[in-house]
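Here is a short briefing to read alongside the model. Keep the viewer open and follow the points in order.

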There are 4 protein chains.
Amino acid sequence: MPKKVDRARRREEILAAAVRVFARRGYAAARIDDVAREAGIAKGSVYLYFDGRESLLHAAFEDVAARSAELLREAAEGDGTAAERLAALVRGAVTELSADRDLARVLLDIWAAGRDADSPVDMAAAYRDYRAAVAALLEQARAEQARAEGVSAEGAARAVVTPDAHAAVVVGALEGCLLQWLFDPAVDPAALAEPLVRLLVPGAGAGAGAGAGSGSGGDGPRPR
Amino acid sequence: MPKKVDRARRREEILAAAVRVFARRGYAAARIDDVAREAGIAKGSVYLYFDGRESLLHAAFEDVAARSAELLREAAEGDGTAAERLAALVRGAVTELSADRDLARVLLDIWAAGRDADSPVDMAAAYRDYRAAVAALLEQARAEQARAEGVSAEGAARAVVTPDAHAAVVVGALEGCLLQWLFDPAVDPAALAEPLVRLLVPGAGAGAGAGAGSGSGGDGPRPR
Amino acid sequence: MPKKVDRARRREEILAAAVRVFARRGYAAARIDDVAREAGIAKGSVYLYFDGRESLLHAAFEDVAARSAELLREAAEGDGTAAERLAALVRGAVTELSADRDLARVLLDIWAAGRDADSPVDMAAAYRDYRAAVAALLEQARAEQARAEGVSAEGAARAVVTPDAHAAVVVGALEGCLLQWLFDPAVDPAALAEPLVRLLVPGAGAGAGAGAGSGSGGDGPRPR
Amino acid sequence: MPKKVDRARRREEILAAAVRVFARRGYAAARIDDVAREAGIAKGSVYLYFDGRESLLHAAFEDVAARSAELLREAAEGDGTAAERLAALVRGAVTELSADRDLARVLLDIWAAGRDADSPVDMAAAYRDYRAAVAALLEQARAEQARAEGVSAEGAARAVVTPDAHAAVVVGALEGCLLQWLFDPAVDPAALAEPLVRLLVPGAGAGAGAGAGSGSGGDGPRPR
DNA sequence: AATGAATGAGCGTTCATTCAT
DNA sequence: TATGAATGAACGCTCATTCAT
């Protein structure tokens, strides 16, 4: 008659406690004892569910990564045009990341820790996947636009910014906006979602240079 | 005052050594002893030039901040249109940050450490300044465009994305692209400079939504 | 009383498991969990049969001590001359100790732990008894020899090495040979039994000083 | 102008303190803090001279091993007959080991710890060397005897106990007598030196089987 | 009786900082 | 100014033991 503890639930409780502590003190200053106290258990018990301190950070990363992966999957499989799905992805990412400020804060520590090649956290792969998904959507979006508007537009757009570079900018902007919010709560992520979409999702609205060609008549965007 | 010069130079040598060590091992794993060895001095001597371990990180941040401030000053005082100056700022920021990978890596640690309100590093202020400068340039750029193209364009663009939000996206994209490069050297910052400019600097080229207004005729960018 | 039997059997199973674990990892590195797993029970159950970790080591010692005591009893009560019984004791001790290498290995830990005066293991008494038994046999053997060969020999031998000292050497040699076997399996205890007997049991064959009798003519060392 | 501390001397002081603590409490129960306090320094300072706790034990072993090696060297290179040198070796070993009871006690812990194959202490090799040296002396001693007394004696002796086995018994007896002294201070090692020599060094006096030659007449055991 | 989750005291080790030289 | 030996507080982790089930 073994005691029945829901290992998975207990693990999640501890992880949530760890995220709160990491967010409050920073990973570097977070003590296992703090995590245990926050979780309402004894220090040693943490080790029944996690391999060690670093393992907690890693688990937090996997949480974030799993959410990201879910968003990417939805964007890839979802309905609507590619532009719509990309816009939804951007909006979703902002919503997701800004939903749990503690977790977002911990992301900074994950970034700092994950920079090492020997880190269990493969940030390079995570962002590579992210970029690849966004780039694919961008290409589809361009194709859609080209179909709707004519070949010249497609050619012109493609000449300007490659999908890969564009994707890097999109992903970067997302993370960069998150970063500013973390440093300064006055930066409202919700208020940045739409600007991100409009500025970076093709066909979603006025881009930065949109005005350039707007009133001018037939002249499309000019390279350089 | 040769002594003063020597002292300043020695301080810089130590800071440079610290940045190398921080970049190599990460701030968390960097030992004062490592820094001293890298600088070719004794451990205790570090304390003759810096208050302590954290002080080294702070000094590294001030280095980065000073370079940023210089760029912002140039952008504010420089010649050319606001759009040109903004483009130059973006290009300069990319160049600057990617010039010293070690320093850029340390930025991750600075971010992680500077997240706390009690940190000596005021990241919030640094990015606030950054955004303000970019927002000012954006507004100027829009004014320039409006002057060149007519009132309707200005109004339309302004309605879509506020300069502050736009600035946050610009700054975020810069930092976010840097981030990706740090995780994955295959991401080439130099190759991202131009895309950043084209996508985010008004009047610099085809924006994401550029195609929207391209072939469509006289109708400017449509909201939503 | 089936319960009693079961309980004793279970206790022995656990002890055997403990001996295997101690032998494998060393007592210092042996975990109660290891013992439990080896015994196929839960960790907490060990405490139903033993007071604690140290108690397991103590029980292992008692096992060894009991076997020794049995050998000593047989030697004291057995048939044959004292020399024969002493030789049998030596051979039996070698056989006994080398029969269970795991247990012999644990002896090292018992020695290390039993060195303290406050240890529950009274090594001093154990070896005192051992020496006393061997010394008694040695004296008897000498008396037998004296009876068979004449007074002068007895007196000479006694003058050289006291029975107590001789016994200490015999016991020491036994333990010392065991020790070497434990460190180096290439040392074959079985091959050392006869040398031990011949070198240290009076009347059992050529001693180290065999040369003493060498000039005596044709009579070489006689087996048995 | 670096502080001048005699590193080697300080290291020895700490090691001596460690040996005292190990002897008092046993290695298993000895705390680094105890060692530091015994040495009159701070806990952390121990690590300036030793890699860790285990390193202290290892260093203690090397001390013992070095003394043994010195004895073996003297025995191999010394003057006198092989029998004399072997006797001197035995006496020297007893003297050496019994000179520092603390160190001898620690030997028990070294034995217990060195039993593992992955231990930094190679007990097997240490005892192999010891046996080899003793075996060589034994063979020489037999040759000397044979030369002095005739071929038949040599053949007879050799037939009985091989030099290797004899050496194992000699080494074992030494260690085994030490062991008994450690458990029971009433066992006087000094009093066992001569018995060891007489019983186990050929030609050194009456061996166990001395009686074998007793029938030869009035010649009792001859010293030396 | 048996379990195994929980506990928490305890220890090895690290390393930022100090300070006598 | 420079050194580097010394310090000792701090912390991650272990694991023997307990006890509710």
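What follows covers a helix pair and then the protein surface around two DNA strands.

This is a predicted model, in which local features need pLDDT of at least 70, side-chain atom pairs count only at pLDDT 80 or more, and totals for chains, interfaces and linings use all residues. Residues are numbered from 1 along each chain as its sequence is written, chains are lettered from A and ligands numbered from 1 in the order in which they are written, and side-chain values use heavy atoms, without hydrogens and water.

**Helix pair in chain A**

- Helix α1 (residues 7-25) and helix α2 (residues 32-39) of chain A have axes that come within 8 Å and cross at roughly 125°. Helices here are DSSP runs of H or I with at least four residues, numbered from the N terminus. Axes are lines fitted to C-alpha atoms over the stretch in contact, and angles run from 0 to 180 degrees between N-to-C directions.
- α1(A) and α2(A) are therefore oblique to each other; angles under 35 degrees count as roughly parallel, over 145 as roughly antiparallel, 65 to 115 as roughly perpendicular and the rest as oblique.
- The contact (heavy atoms within 4.5 Å) involves residues including A:Ile14, A:Val21 and A:Phe22 of α1(A), and A:Val35 and A:Glu38 of α2(A).
- By class, the residues of this contact are seven nonpolar, no polar and five charged. Ala, Val, Leu, Ile, Met, Phe, Trp, Tyr, Cys and Pro count as nonpolar, Asp, Glu, Lys and Arg as charged, and the others, Gly among them, as polar.

**Around DNA strand E**

- Of the 38 residues around DNA strand E, A:Ser45, A:Tyr49, B:Arg31, C:Ser45 and C:Tyr49 come nearest; a residue is near a strand if one of its heavy atoms lies within 4 Å of it.
- Sugar or phosphate makes up 67% of the strand E atoms within 4 Å of the protein, and bases make up the rest.
- The side chain of C:Tyr49 has an N or O atom 2.6 Å from a phosphate oxygen of strand E.
- Backbone N or O atoms also lie by phosphate oxygens of strand E, at 3.1 Å for D:Ile32 and 3.0 Å for D:Arg53.
- α3(C) gives the largest share of this surface, five residues.

**Around DNA strand F**

- Strand F is surrounded by 38 residues, and the closest are A:Lys43, B:Ser45, B:Tyr49, D:Ser45 and D:Tyr49.
- A polar side-chain atom of C:Arg31 is 2.6 Å from a phosphate oxygen of strand F.
- Base nitrogens of strand F are approached by a side-chain N or O atom of D:Lys43 at 3.4 Å and by a backbone N or O atom of D:Gly44 at 3.5 Å.
- The largest share of this surface, five residues, comes from α3(B).

How values were computed:
Helices (H or I, at least four residues) and strands (E, at least two) are DSSP runs, numbered from the N terminus. A polar contact is a pair of N or O atoms within 3.5 Å; within protein, one must be able to donate a hydrogen and the other to accept it, and residues adjacent in sequence count only if both atoms are side-chain atoms.
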